[in-house]
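User: Please take a close look at the place where the domains of this chain meet, and describe what that interface is made of.

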Amino acid sequence: MKRRDILKRLSIAPLAGAALAGGLQPGTATAAPLSVKRDVFKELGLRTFINAAGNYTTMTASLMPDDVMAAIQSSSKEFVMLEEVQDKVGQKIAELCHAEAALVTAGCWSALVLGTAGVLTGNDPKKVALLPKLEGSGMKSEVIIQKTHINGYHHAVTNTGASVITVETAEEAEGAINDKTAMMWFLNREAPVGKIQHQQWLDIAKKHNIPTMIDIAADVPPVENLWKYNKMGFDLVCISGGKAMCGPQSAGILMGKKDLIEAARLNGPPRGGNIGRGMKVNKEEIIGMYVALDSYIKRDHAMEWKIWEERIAVINNAVKSVPGVTTEVIVPPVANHTPSLEITWDPSKVKETRDGFGERLRKGSPSIEVIAWEKENSIRLTVFMLKPGQEKVVAKRIREELVKASV
Ligand SMILES: *Cc1c(COP(=O)(O)O)cnc(C)c1O
């Protein structure tokens, strides 16, 4: 080979290698240089907004922090076995949350479905294949729920084919137990309005050897709730990953007893021929969920709470002096347990409806979403999803609109 030819080859080879490493197929056009940033929101004509409402699925719930995104990015570069990812991440999550075992699911809803399915089928693949048809299968078919805990999310439990038996008192709960009883389900958010509290619910279930499940979807903070209900004795605990923990919105965690988690896994992906095959979580999200949980636990929660209180004070101070306006700081006892500000106006002094006010904030610049669907002549807002400094913008905009609508 001539020297010139060798030089030619050398100059071509690294380029070809770089193109392949960058994911380009040989012969395809080169991709746009990385320095040109593609603004997909703009390209699609999507409205972005300041989220002063909270972790609402309709509003895409939460923003994933950089460490979660970095984990998602880096884990997207190699192949691994999906089941091994679930094994390893499950072990870590179980340790962090003081559970025997854990599984990353496609949100809390899918944790409810897969967990219930596992309770029904155990580790019998024939039963797994039969769901949601329970009739004549030999499987148990009834789930006991307090009447006040029925609010739509229980539909996940009935996706398995199980039916709901509602009860109000402890006597009724115990009386409802029979040989078809598969599980007793508790919705933590509704605990304050239920007649039966956690320990009594567990005592009844344990006495009759009935598995228990609790839905704590939106119930961190406080961070301790991540292990509180495992330690209390619930056999299965279900939580959302994309709410206050700021994990992927389409991820959640099912944790609890080892045999039940194993049974739940038989009812979901990557296996087919079951009711859960569509509830897939990719490796990036499973790993993103783990990193989100880990860093959520390590946050300075007291400091974070102080920051939220300060943000609420900034907004409160800006709006409470508008004539006819009253404010109240509200901390929900369970679920979205974070300081919120309720702003109420006297409609004879501020001429705007609740819906109209929500629309003014939405259409303003920058666009802001608040909770504008609870009480008449009133909006409520939270500050835990704000980026630093956005509280000033929210304060200014709400004050402006209140003053504008004042008579
Ligand atoms: C949000 C929520 C769910 C559903 O959780 P996803 O993570 O969105 O699937 C279930 N139960 C309750 C009480 C919730 O608040």
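Analyst: The interface is described first, and the ligand site follows for context. This is a predicted model, in which local features need pLDDT of at least 70 and side-chain atom pairs count only at pLDDT 80 or more, while totals for chains, interfaces and linings use all residues. Residues are numbered from 1 along each chain as its sequence is written, and side-chain values use heavy atoms, with hydrogens and water left out.

The chain is divided into domain 1 (66-298) and domain 2 (301-405), with bounds that come from an automatic or database domain assignment, and the centres of the two, taken over C-alpha atoms, are separated by 34 Å. To the contact (heavy atoms within 4.5 Å) domain 1 gives 12 residues and domain 2 gives eight residues. Between them the domains bury about 820 Å², 72% of it on carbon and sulfur atoms; buried area here is the accessible area (1.4 Å probe) that two parts lose on being put together, summed over both. On the side of domain 1 that touches domain 2, the residues divide into nine nonpolar, one polar and two charged, where Ala, Val, Leu, Ile, Met, Phe, Trp, Tyr, Cys and Pro count as nonpolar, Asp, Glu, Lys and Arg as charged, and the others, Gly among them, as polar. The rule finds zero salt bridges across this interface, a salt bridge being a side-chain nitrogen of Lys or Arg within 4 Å of a carboxyl oxygen of Asp or Glu.

As for the ligand, one of its oxygen atoms is 2.8 Å from a polar backbone atom of C108, and an oxygen atom of the ligand is 2.9 Å from an N or O atom in the side chain of K243.

Note on methods. A polar contact is a pair of N or O atoms within 3.5 Å; within protein, one must be able to donate a hydrogen and the other to accept it, and residues adjacent in sequence count only if both atoms are side-chain atoms.
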